[in-house]
Amino acid sequence: MDTGTERTDAEVISRMHGHPELFAIIFDRYYSAIHGYAARRLGRDLADDVAAETFLVALNKWQRYDTRHHSAQPWLFGIASKLIAGHRRSEARRYQALARAAQVTTPDPDSVDGPADRVAVRLDARAVRGRLAAALAQIAPADREVLLLVAWVDLSCEEVAVALEIPAGTVRSRLHRARKRLRTALGGADPTATGEDSQ
């Protein structure tokens, strides 16, 4: 079987007529990334289902793929995003649980073995993660989707537009709103800032 090591995703998909087994190349290229993203959004148990269903949907709809796009990554993350949207309540509960976990009384640094600096870093990270989770829970789902595709998947605004099938201007507006809410919630900090911000 062709390994597809030097072929773009569009080339692999366009060669699937009569060779559906070539889809394994796309699966191998992106399964870990799709699963990781779903796990960050929904937790590991639901991520298994979302990742599997993402590739099932993609396999069933591969003939609709627009081969003008060399990378299938935005297309696959668009499918995953739609599936994740079906679990919005689970995602909101996850962020709320992370926020609550950060508020749980942490051990006194003097009672923990190991260097005090390491303990302080861990406590700071837990506090920031909790505030970030609480802030994410408060962002409108459509805005949060754009923010996380840019920040966690590293898609450009144009790739997010392809993934979500919305105009790039809408992506930029949603990203701006989401980041504004984050900065407000985190006292001016924006842990999601990327190179896209300078554009």
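1. Let's start with how the chain comes together. Among contacts in the protein chain between residues at least 6 apart in sequence, 62% join residues at least 24 apart. Please keep in mind while you look around that this is a predicted model.

2. Next, the overall make-up. The protein chain holds 9 helices and 0 strands, so if you read the elements from the N terminus on, you meet α-α-α-α-α-α-α-α-α. Of the 199 residues in the protein chain, 38% are buried. The chain exposes about 11,200 Å², and carbon and sulfur atoms supply 50% of that area.

3. Now for the inside. Which residues touch the most other members of the largest nonpolar core? They are Ile-13, Ile-34, Trp-75, Leu-76, Leu-149 and Val-160, in a core of 54 residues. Helix α2 gives the largest share of this core, with 9 residues. As a general point, nonpolar side chains tend to be buried together in soluble globular proteins.

4. Trp-75 is a good residue to click on. Leaving aside its neighbours within four places in sequence, Trp-75 is in contact with Ile-13, Ala-58, Lys-61, Trp-62 and Tyr-65. One of these partners, Ile-13, is also among the core residues that touch the most other members.

5. Helix α9 deserves a look of its own. This helix covers residues 168-185, which makes 18 residues. From its first C-alpha to its last, α9 reaches 26 Å, close to the 26 Å expected at 1.5 Å a residue. Just after α9, Gly-187 takes a positive phi of about 65°.

6. Try viewing α9 down its axis. Val-171, Leu-175, Ala-178, Arg-179 and Leu-182 are buried. Why do these residues lie on the same side of α9? The reason is that they cover an arc of only 100° around the axis. On the other side of α9, His-176, Lys-180 and Thr-184 are exposed. The general pattern helps here: an α-helix has 3.6 residues a turn, so residues three or four places apart point the same way.

7. On to the charged pairs. The count comes to 6 salt bridges. In general, side chains of opposite charge can pair when their charged atoms come close. One of the bridges joins Arg-29 and Asp-9, whose closest N and O atoms are 2.5 Å apart. This pair links distant parts of the chain, with Arg-29 in helix α2 (residues 23-42) and Asp-9 in helix α1 (residues 9-14), 20 residues apart. Arg-29 counts as partly exposed at 30% relative accessibility, whereas Asp-9 is buried, with a relative accessible area of 4%.

8. Helix α9 also takes part in salt bridges. Arg-177 and Asp-143 meet through their side chains at 2.9 Å, N to O. Arg-177 sits in α9 and Asp-143 in helix α7 (residues 141-151), 34 residues apart. Is Asp-143 buried or exposed? Asp-143 is buried, because its relative accessible area is 8% and the limit for buried is under 20%. Its partner Arg-177 counts as partly exposed, at 42% relative accessibility.

9. A further bridge from α9 brings together the side chains of Arg-172 and Glu-158 (2.4 Å, N to O). Here Arg-172 in α9 is linked with Glu-158 in helix α8 (residues 157-164), 14 residues apart. Arg-172 is partly exposed, with a relative accessible area of 37%, and Glu-158 counts as partly exposed at 39% relative accessibility.

Key: Residues numbered from 1 in each chain as written. Predicted model: local features only at pLDDT ≥ 70, side-chain atom pairs only at ≥ 80, totals over all residues. Heavy atoms only, no water. Helix = DSSP H or I, 4+ residues; strand = E, 2+ residues; numbered from the N terminus. Expected span 1.5 Å × (residues − 1). Buried < 20%, exposed > 50% of the residue type's maximum accessible area, 1.4 Å probe, protein only. Arc of directions from axis to C-beta. Contact = heavy atoms within 4.5 Å. Areas by Shrake-Rupley, 256 points an atom, 1.4 Å probe, with all protein chains shown as cover. Salt bridge = Lys/Arg side-chain N within 4 Å of Asp/Glu carboxyl O. Core = buried A, V, L, I, M, F, W, Y, C linked by side-chain atoms within 4.5 Å.
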